[in-house]
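Okay, thanks for making the time, everyone. I'd like to walk you through a structure that's probably new to you, so let's get it up on the screen.

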Amino acid sequence: MDSDLIRRFWDKVEKAGDDECWLWTASVAGRGYGQMKRPGERRQVYAHRLSYEMHCGPVPAGMAVLHRCDTPRCVNPKHLFLGTVADNAADMQRKDRHLYGEKNAQHRLTEADVHGIFDMLDEGSPQALIARSYGVGQMTISRISRGERWRHVWLKRRG
């Protein structure tokens, strides 16, 4: 790895104890991950990926660098490990960090709405009518009824 890149990298890290998070202090991407450019490249690369490469070697194709500490700005190699996108999603769900239901900023329904939708479905109301009542598409109602959306509510209701 280029020595100038390594120097620039460490200039942007607030290093703490061996087991603590080492925080990136420079540019961050939209979700809070540190980023910088490699020499001669136009795209930014995540700082935690660079740290992993510097300490552990190249990241294999199709693999992601995940955080044990769940701190996006952390670049401590002891906190980083390889996994797939599916591993990352499972890790997020296991730690209850995934954005579902009302946690999702894009939600259009509330949990109370979804319970009302299930009540209407149980009464035999047509999905199209339910969709109009809640200002969503019929496919949204269909996905809710099958547990593909708002699954946590579906599991409570359907067991």
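I'll talk about the cysteines, then about the aromatic rings. One thing up front: this is a predicted model.

So, how many disulfides does the structure hold? Zero. And why is that, if we look at cysteine 69? Its closest cysteine sulfur is in cysteine 21, and the gap is 3.7 Å, which is too far for a bond, because a disulfide needs the two sulfurs within 2.5 Å. Cysteine 74 is a similar story: the closest cysteine sulfur to its own is the one in cysteine 69, at 3.8 Å, again too far for a bond. As for where these two sit, cysteine 74 is buried, at 0% relative accessibility, while cysteine 69 is partly exposed, with a relative accessible area of 23%.

Okay, on to the rings. The structure holds four aromatic pairs. One of them is phenylalanine 9 with tryptophan 10, and that pair is edge-to-face, with 5.0 Å centre to centre and 90 degrees between the planes. Phenylalanine 9 counts as buried, at 0% relative accessibility, whereas tryptophan 10 is partly exposed, at 28%. Zoom out a bit and you'll see that Phe9 and Trp10 belong to one aromatic cluster together with Trp22 and Trp24.

Now, which rings does lysine 15 lie over? Tryptophan 10 is one of them: the charged end of lysine 15 sits over that ring, 5.3 Å from its centre. Lysine 15 also lies over the face of tryptophan 22, at 4.5 Å from the ring centre.

That's my bit, thanks for listening!

Key: Residues are numbered from 1 along each chain as its sequence is written. This is a predicted model: local features need pLDDT of at least 70, side-chain atom pairs count only at pLDDT 80 or more; totals for chains, interfaces and linings use all residues. Side-chain values use heavy atoms; hydrogens and water are left out. Buried means under 20% relative accessible area, exposed over 50%, partly exposed in between (1.4 Å probe, protein chains only). Rings of Phe, Tyr and Trp (its six-membered ring) pair if their centres lie within 6.5 Å; planes under 30 degrees apart count as stacked, over 60 as edge-to-face and the rest as tilted. A charge sits over a ring if NZ of Lys or CZ of Arg is within 6 Å of the ring centre and within 35 degrees of the ring normal.
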